[in-house]
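Here is a short report on a protein chain. Look over the sequence and the fold before reading on.

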Amino acid sequence: MDLSELDLDAARAAIAAAATADELAEVRKRFVGKKGAVGRVKESIKTLDAADRPKVGQAVNAFTAAVEEAVTAREAELGPTGPTEPSLDLTLGSHGRGRGHLHLVTQCQRELEDVFVSLGYQVAEGPEVEDDWHNFEALNFPPGHPARAMQDTLYVDLGEPEQVLLRTHTSPVQIRLMESQPPPIYAVMPGRTYRNETVDARHSAVFHQIEGLAVDRGLTFGDLAGTLETFVSAYFGKKLKSRLLPSFFPFTEPSAEFAITCVFCDGSGCRVCSNTGWIELGGCGMIDPNVFLAVGIDPEVYTGFAFGFGLERMPMLRYGVEPIKTFFDNDVRFLSRY
Ligand code: DAH
């Protein structure tokens, strides 16, 4: 274990010295890549006593976040982000057989899963083609309810009209879990979701969400707020605060929009957070008793909370990736950078 590898001054100096996007990508790899300093320190964490691991883990997270922040700032100085190389070399045989790696969205999904597994959560998945019951009805969206219209659903031409659909969110997996196992339940549910959405910088018809669900005796809104703060701090590698503002979702009561202190300016206000100091992440709330009744859980005995947010949002924030369609273009110049 050589913690001196995590030399922030050296990293900052190298980042400042990078003169092109390519050089910057190399420097980033050298410090926070799998085969770089962070990769090596992470490898050696396994060899430590369990008691010593969290400290080293925190040091790695803090170092990674600081390096990413500096890289993002330098990228802004060097010009537009995204693929900057003038053209692709398509000469046959010019590329050798490089090994591929996980897509940035998958990397982010796995990182978030790791954080939640360390909090004692299970990871669950559900089908992308859903039925009306799981996507809407059991989540307390009655037929004809205006909240359904807000979801811009893509229906599948199968069976009864408007009964089979592409899931509009990962919340139906909550229903599937509660139908199939008794409380206590602590789970995260990542996956692909679909909406009949006009594409813009932050919206795509295909995207990913991650859903959280906790059902137990005596859970409160405070547990929800604490859980949100714990996981965003773990993901971004520094202490962040959550803010909950009143909102509405049919399946939670009360419902809230959750935001976190801006990861770039720590809440003092900057371009990324439009000078508000806060970054909106997603929705959350306490499970509505009607949802418990739909899945046969007694709301007099159990309470629970849930949350859900767009997965792409995390790497968009961490690396300044925009527009969201960059994730799905499959441009190898983008893919190979992360
Ligand atoms: N499913 C909601 C959406 O896609 C997000 C959401 C809100 C999920 C509140 C939750 C929740 O679990 O409690 O808009």
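Take contacts in the protein chain between residues at least 6 apart in sequence: 67% of them join residues at least 24 apart. The model behind this value is predicted.

**Fold and domains**

The secondary structure of the chain comes to 12 helices and 10 strands. The domain assignment splits out two parts, listed here.

| Domain | Residues |
|---|---|
| Domain 1 | 3-79 |
| Domain 2 | 105-335 |

How many Å separate the centres of domain 1 and domain 2? Taken over C-alpha atoms, the separation is 29 Å. The two domains also touch: 8 residues from domain 1 and 8 residues from domain 2 take part in the contact.

**Overall dimensions**

Measured against the rule for a compact globule, how does the chain fare? With 338 residues, such a globule would have a radius of gyration near 20 Å. The protein chain has 22 Å, so the value agrees with that expectation. Along the principal axes, the C-alpha atoms fill a box of roughly 60 × 50 × 40 Å.

**Burial and surface**

Of the 338 residues in the protein chain, 46% are buried. The accessible surface comes to about 17,000 Å². Carbon and sulfur atoms hold 53% of that surface.

**Charge**

Negative side chains number 47 in the protein chain, and positive side chains number 32. The centres of the two sets lie 8 Å apart.

Note on methods:
Residues are numbered from 1 along each chain as its sequence is written. This is a predicted model: local features need pLDDT of at least 70, side-chain atom pairs count only at pLDDT 80 or more; totals for chains, interfaces and linings use all residues. Side-chain values use heavy atoms; hydrogens and water are left out. Helices (H or I, at least four residues) and strands (E, at least two) are DSSP runs, numbered from the N terminus. The radius of gyration is taken over C-alpha atoms; the globule rule is 2.2 Å times the number of residues to the power 0.38. Buried means under 20% relative accessible area, exposed over 50%, partly exposed in between (1.4 Å probe, protein chains only). Contact means heavy atoms within 4.5 Å. Accessible areas come from the Shrake-Rupley method with a 1.4 Å probe; for residues, only the protein chains shown count as cover. Lys and Arg count as positive and Asp and Glu as negative; His and the chain ends are not counted. The place of a charge is taken as NZ of Lys, CZ of Arg, CG of Asp or CD of Glu. Domain bounds come from an automatic or database domain assignment.
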